[in-house]
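Colleague: Before I rely on the terms used for this model, I would like to hear how each one is justified.
Modeller: Then let us take the terms one at a time and set each against its rule.

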Amino acid sequence: MQLTLEFGGGLELLCESVKIHNVNVDPAEDGGDKLTMKSLLAWVRTNLIKERPEMFMKGDSVRPGVLVLVNDCDWELSGQLDTTLEEKDVVVFISTLHGG
Amino acid sequence: MDEAEVVKPKKNAVGGRLCCLCNQRRPALKRPKTLEQICRECFYTVFEEEIHRVIVDNQLFKPGERIAIGASGGKDSTVLAYVMSELNRRHNYGLDLFLLSVDEGITGYRDDSLETVKRNEIQYGLPLKVVSYKDLYGWTMDEIVKIIGLKNNCTFCGVFRRQALDRGAALLKVDKLVTGHNADDIAETVLLNILRGDIARLSRCTSITTGEEGPIPRCKPFKYTYEKEIVMYAYFKRLDYFSTECIYSPNAYRGFAREFIKDLERLRPRAILDIIKSGEDFRISTSTKMPEQGTCERCGYISSQKWCKACVLLDGLNRGLPKLGIGRSRGPNSDRQRDMKQSNGTRDIQSKQCGTLDF
């Protein structure tokens, strides 16, 4: 599944300072053609985060203070970890925890 | 400044629900303050108009005043500069707005964030003044860190920044200084002041305007504005801000308080406003000794001690005794330190916020 992932607010520093990642994630792990945000986060942690993963995740979700938008819509409106992703979706992660 | 392009809406996004304010458009975010699901357009309106209400209800400004916006290039001050210039125009505040930045002399951090402020100067048409530690004190933070290491550097930086902002504001001949402290910052400071037993600061840290007795009053128009909404606003409006942690500031204690607040917010977003309310409603018992305000014998800046903290620190640096003024070491003020342990109420060195403009 083709997805565009964007990291901002300082989170890009955890993935070699690259803000936009065009990735291909195999939804098979979820046992079908659907991919949930929960499995995407696990995938990101394994494949994109190169340092200090604790700045990005806490437990199996993002660290509190990290905003998530799926197709420019707050993931709190789409079920957070249960949000299902589709081909060509755009997922944005922004840290609110850096600087002032 | 192009706003974010509208991307295809998610089918399962909100089960076809509509913005609960306009009932027309698809919601784009959930407001932490009210849990309302609102669209981008309604969000811009409520975000800006709530700040307008805070400004009006608290009479933060008078027509004709000159106002400096403390600008670090970060999200809060960037959104503050943008919103202040919008509201000033829309509601005819009649204010002369300026950007005021402090250059601490931190290579790879402040030099980059100052570039952001310089772009903001052009984008928002606000004149910018930069004051530097090097010019004011003869030292950059890079030089100070070389001497004192990474232990107490935030003390120097915090104490120097507060004065630098006042000096810059005086140079700009402004009537007031506004800073981008948001509701999350204030809730965090309430907690920290409780954890430290710092009653003098606890009673002051929730005030929307402070320092009215000093040279330049400061106010916080974002006192009730959630960090989440500030970041969402900056994202949707594609505002240009800088977000890198200061290379010298781990500040672990504040970090824990921050994380605690964010955990609470996830469970109950109102917690942030409630903590501010608690801070506001604490009453100081009459037996609590409060510091007396005077002026520094050396530079004339407000101080409850013989010398202000910046002069003590600077004296130590210049005499090759950089630990002077840190913790309990002896200095010109030590004779008074015994009877007033936490006496330097407003400018207590242990409670400085790093990376942002301090309270």
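**Reasoning from values to terms**

Modeller: In this predicted model, E76(A) and K228(B) form a salt bridge in which the closest N and O atoms are 2.9 Å apart.

Colleague: What makes the pair E76(A) and K228(B) a salt bridge?

Modeller: The rule asks for a side-chain nitrogen of Lys or Arg within 4 Å of a carboxyl oxygen of Asp or Glu. The closest N and O atoms of K228(B) and E76(A) are 2.9 Å apart, so the pair meets that cut-off of 4 Å. Between chain B and chain A the count is six salt bridges.

Colleague: Which elements of chain B each supply at least two residues of the side that touches chain A?

Modeller: They are strand 1 (29-30), helix 2 (75-90), helix 9 (227-236) and helix 10 (252-267) of chain B, and helix 9 gives the most, with six residues. By class, this side of chain B has 12 nonpolar, nine polar and 17 charged residues.

Colleague: How much area do chain B and chain A bury between them?

Modeller: Chain B and chain A bury about 3,000 Å² between them, with 51% of it on carbon and sulfur atoms, and the contact takes 38 residues from chain B and 35 residues from chain A.

Colleague: Turning to the inside of chain B, why is E104(B) called buried?

Modeller: Buried means under 20% relative accessible area, and E104(B) has a relative accessible area of 1%, so the term applies. E104(B) lies in the loop between strand 4 (96-103) and helix 3 (110-124) of chain B, and, leaving aside residues up to four places away in sequence, E104(B) touches R110(B), Y133(B), T140(B), M141(B), C157(B) and R161(B).

Colleague: How do you know that the side chain of E104(B) makes a polar contact with that of R161(B)?

Modeller: The limit for the pair of N or O atoms is 3.5 Å, and the value for E104(B) and R161(B) is 3.1 Å, while the side chains of E104(B) and R110(B) are joined by a polar contact of 2.6 Å.

Colleague: M141(B) is among the residues that E104(B) touches; which residues of helix 5 of chain B are buried?

Modeller: In helix 5 (residues 141-148), the buried residues are M141(B), D142(B), I144(B), V145(B) and I148(B).

Colleague: Why are they said to be on the same side of helix 5 of chain B?

Modeller: Because they cover an arc of only 160° around the axis, they are on the same side of helix 5 of chain B. What covers them includes helix 4 (133-137), helix 6 (153-171) and helix 12 (309-318) of chain B.

Terms used: Residues numbered from 1 in each chain as written. Chains lettered and ligands numbered in written order. Predicted model: local features only at pLDDT ≥ 70, side-chain atom pairs only at ≥ 80, totals over all residues. Heavy atoms only, no water. Buried < 20%, exposed > 50% of the residue type's maximum accessible area, 1.4 Å probe, protein only. Helix = DSSP H or I, 4+ residues; strand = E, 2+ residues; numbered from the N terminus. Arc of directions from axis to C-beta. Contact = heavy atoms within 4.5 Å. Buried area = accessible area lost by both parts, 1.4 Å probe. Nonpolar A, V, L, I, M, F, W, Y, C, P; charged D, E, K, R; others polar. Polar contact = N/O pair within 3.5 Å; in protein donor to acceptor, adjacent residues only side chain to side chain.
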